[in-house]
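Visitor: Please take a close look at one part of this structure: the salt bridges and the residues around them. I would like a connected account rather than a list.

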Amino acid sequence: MRHGIRPVSRPVAFRDRASGFQPLTRSTIESRHTVEWEDGATYPVVDVEISSAGHPFLTGTSRLVDSAGRVERFERRHGTAAARR
């Protein structure tokens, strides 16, 4: 097997932008931003949109989607199908 072809794995913090949850795990991802961890060391940090701490399916919370309001706004903007005929 050839040496030096695998990327270097190191500790990286992944920060959930919605909930503020940030686990420290090993990854090969590159990041310019850093964060100081609880142990005093500085680690690269990657911001993610959603994680297991904030995902509605995993937390058991759901969001109410106002589909009727969206349909009415669309019809006001673009007219109804019956009005176009």
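Guide: R10 and E30 form a salt bridge in which the closest N and O atoms are 3.6 Å apart. R10 belongs to strand β1, residues 10–16, while E30 sits in the loop between β2 (24–27) and β3 (34–36), so the pair ties together parts that are 20 residues apart in sequence. The coordinates come from a predicted model, and every distance below is to be read with that in mind.

The cut-off for a salt bridge is a side-chain nitrogen of Lys or Arg within 4 Å of a carboxyl oxygen of Asp or Glu, so the 3.6 Å of R10 and E30 satisfies it. The two partners differ in exposure class: R10 is partly exposed, because its relative accessible area of 22% falls between the 20% and 50% limits. E30, in contrast, has a relative accessible area of 65% and is therefore exposed. The surroundings of R10 also include I29, which is 19 residues away in sequence and 8.8 Å away in space, C-alpha to C-alpha.

I29 leads on to S27. A polar atom of the S27 side chain lies 3.1 Å from the backbone nitrogen of I29. S27 itself is in strand β2, and its relative accessibility of 16% is under 20%, so S27 counts as buried.

A search of the whole structure gives three salt bridges, so two remain to be described. Side chains of opposite charge can pair when their charged atoms come close. In the pair of R15 and D47, the closest N and O atoms are 2.7 Å apart. This pair links distant parts of the chain, with R15 in strand β1 and D47 in strand β4 (residues 42–48), 32 residues apart. Both partners fall in the intermediate class: R15 counts as partly exposed because its relative accessibility is 27%, and D47 is partly exposed because its relative accessible area is 41%.

The other salt bridge joins the side chains of R17 and E49, at 3.1 Å from N to O. Here too distant parts of the chain are linked: R17 is in the loop between β1 and β2, E49 is in the loop between β4 and α1 (56–59), and the two are 32 residues apart. This pair is exposed on both sides. R17 has a relative accessible area of 57%, which is over 50% and therefore places R17 in the exposed class. For E49 the relative accessibility is 57%, so E49 counts as exposed as well.

Backbone distances give further context for this pair. The C-alpha atoms of R17 and I50 are separated by 6.9 Å, although their positions lie 33 residues apart along the chain as a sequence separation. For E49 and S19, which are 30 residues apart along the chain, the C-alpha separation is 9.4 Å.

S19 also makes a contact with D16: their side chains are joined by a polar contact of 2.9 Å. D16 lies in strand β1. What is the nearest side chain of opposite charge to D16, and how far away is it? It is that of R17, 7.5 Å away, and D16 is buried yet has no salt bridge. R17 has its salt bridge with E49 instead.

Set against the whole chain, these pairs can be placed as follows. The chain has three helices and four strands, and from the N terminus on the elements run β-β-β-β-α-α-α. Of its 85 residues, 14% count as buried. S27 is one of the buried residues, and D16 is another.

Charged residues outside the salt bridges deserve a mention too. R70, R73, R76 and R77 form a positive surface patch. Membership of a patch requires over 30% relative accessible area and no salt bridge, so these arginines are separate from the pairs described above. One of them, R77, lies in helix α2, residues 67–78. R77 counts as exposed because its relative accessibility is 61%.

In short, R10 pairs with E30, R15 with D47, and R17 with E49.

Definitions and conventions. Residues are numbered from 1 along each chain as its sequence is written. This is a predicted model: local features need pLDDT of at least 70, side-chain atom pairs count only at pLDDT 80 or more; totals for chains, interfaces and linings use all residues. Side-chain values use heavy atoms; hydrogens and water are left out. Patches are made of residues with over 30% relative accessible area and no salt bridge: like charges are joined within 9 Å, nonpolar side chains (Val, Leu, Ile, Met, Phe, Trp, Tyr) within 5 Å. Accessible areas come from the Shrake-Rupley method with a 1.4 Å probe; for residues, only the protein chains shown count as cover. Lys and Arg count as positive and Asp and Glu as negative; His and the chain ends are not counted. The place of a charge is taken as NZ of Lys, CZ of Arg, CG of Asp or CD of Glu. Buried means under 20% relative accessible area, exposed over 50%, partly exposed in between (1.4 Å probe, protein chains only). A polar contact is a pair of N or O atoms within 3.5 Å; within protein, one must be able to donate a hydrogen and the other to accept it, and residues adjacent in sequence count only if both atoms are side-chain atoms.
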